Amino acid sequence: MSPTSRDLPETELAATLDWRGECAVLSVAGEIDLLSAPEFEEVVGSVLAGAPEVLVVDLREVTFFCSAGLQVLAAAHRKLAERALRVVSDSPVTSGPLTTTGLDTWIGVHPTVDEALRK
């Protein structure tokens, strides 16, 4: 059985999960910093346990995003097929670190969930 939002671990971050066929859309809100990154990692790990073909992580409601959050995304990328991890961002707060580090060359960055799901 695929996990749903109510199956996600309890965290200080606001996280919701929506399955669209074999694609998991994880929406996250709040700050992803050194304190909350382990929670972010736990939530992402919980979603990956459901074996999605594609994982879309919607970061549009994230107000702070540090290198620890990038590490969580990089680890998720390594566990999925090529181009199966996609990030939704419409803000330099989240897209900036991805492009500055070059992670956007492996992890697609899209302005909307619908666009991320089409790729």
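## A walk through the predicted chain

Among contacts in the protein chain between residues at least 6 apart in sequence, 64% join residues at least 24 apart; contact here means heavy atoms within 4.5 Å. This is a predicted model, in which local features need pLDDT of at least 70, side-chain atom pairs count only at pLDDT 80 or more, and totals for chains, interfaces and linings use all residues. Residues are numbered from 1 along each chain as its sequence is written, and side-chain values use heavy atoms, with hydrogens and water left out.

The secondary structure comes to 4 helices and 5 strands. Read from the N terminus, the elements run β-β-α-β-α-β-α-β-α. Helices (H or I, at least four residues) and strands (E, at least two) are DSSP runs, numbered from the N terminus. Of the 119 residues in the chain, 49% are buried. Buried means under 20% relative accessible area, exposed over 50%, and partly exposed in between, with a 1.4 Å probe and protein chains only. The chain exposes about 6,200 Å², of which carbon and sulfur atoms supply 51%. Accessible areas come from the Shrake-Rupley method with a 1.4 Å probe, and for residues only the protein chains shown count as cover.

The interior comes next. In soluble globular proteins, nonpolar side chains tend to be buried together. A nonpolar core is a set of buried Ala, Val, Leu, Ile, Met, Phe, Trp, Tyr and Cys residues joined through side-chain atoms within 4.5 Å. The largest such core has 28 residues, and those with the most contacts inside it are V28, F40, L55, L59 and L73. Two or more residues of this core come from each of β2 (23–32), α1 (37–48), β3 (54–65), α2 (67–79) and β4 (85–88). With neighbours within four places in sequence left aside, L73 is in contact with F40, V57, L59, F65, L85, V87, L98 and I107. Another core, of 7 residues, lies apart from the largest one, and its members include V25, V56, V88 and V113.

Helix α3 can be followed from its start to its end. S91 has its place in the loop between β4 and α3 and is buried, at a relative accessible area of 19%. At the start of α3, a side-chain oxygen of S91 reaches to within 3.0 Å of the backbone nitrogen of V93. The buried residues of the helix are T94, S95, G96, P97 and L98. What covers them includes β3, α2, β4 and β5 (108–110). Just after the helix, G102 takes a positive phi of about 85°.

T94 deserves a separate look. This residue is found in helix α3 (residues 92–101), and its relative accessible area is 0%. Leaving aside neighbours within four places in sequence, T94 is in contact with L59, V62, F65 and S89. The side chains of T94 and S89 also make a polar contact at 2.5 Å. A polar contact is a pair of N or O atoms within 3.5 Å; within protein, one must be able to donate a hydrogen and the other to accept it, and residues adjacent in sequence count only if both atoms are side-chain atoms.

Charged side chains complete the picture. Side chains of opposite charge can pair when their charged atoms come close. A salt bridge is a side-chain nitrogen of Lys or Arg within 4 Å of a carboxyl oxygen of Asp or Glu, and the structure holds 3 of them. D18 forms one with R20, the closest N and O atoms being 3.0 Å apart. D114 forms another with R20, at 3.5 Å between the closest N and O atoms. The pair of D114 and R20 links distant parts of the chain: D114 is in helix α4 (residues 113–118), R20 is in strand β1 (residues 14–20), and they are 94 residues apart. D18, R20 and D114 are thus linked in a network of salt bridges. Each member of this network is partly exposed, with a relative accessible area of 35% for D18, 37% for R20 and 46% for D114.

The side chains of R60 and D58 meet in a further salt bridge, at 2.7 Å from N to O. Here R60 counts as partly exposed at 31% relative accessibility, whereas D58 is buried, with a relative accessible area of 8%.
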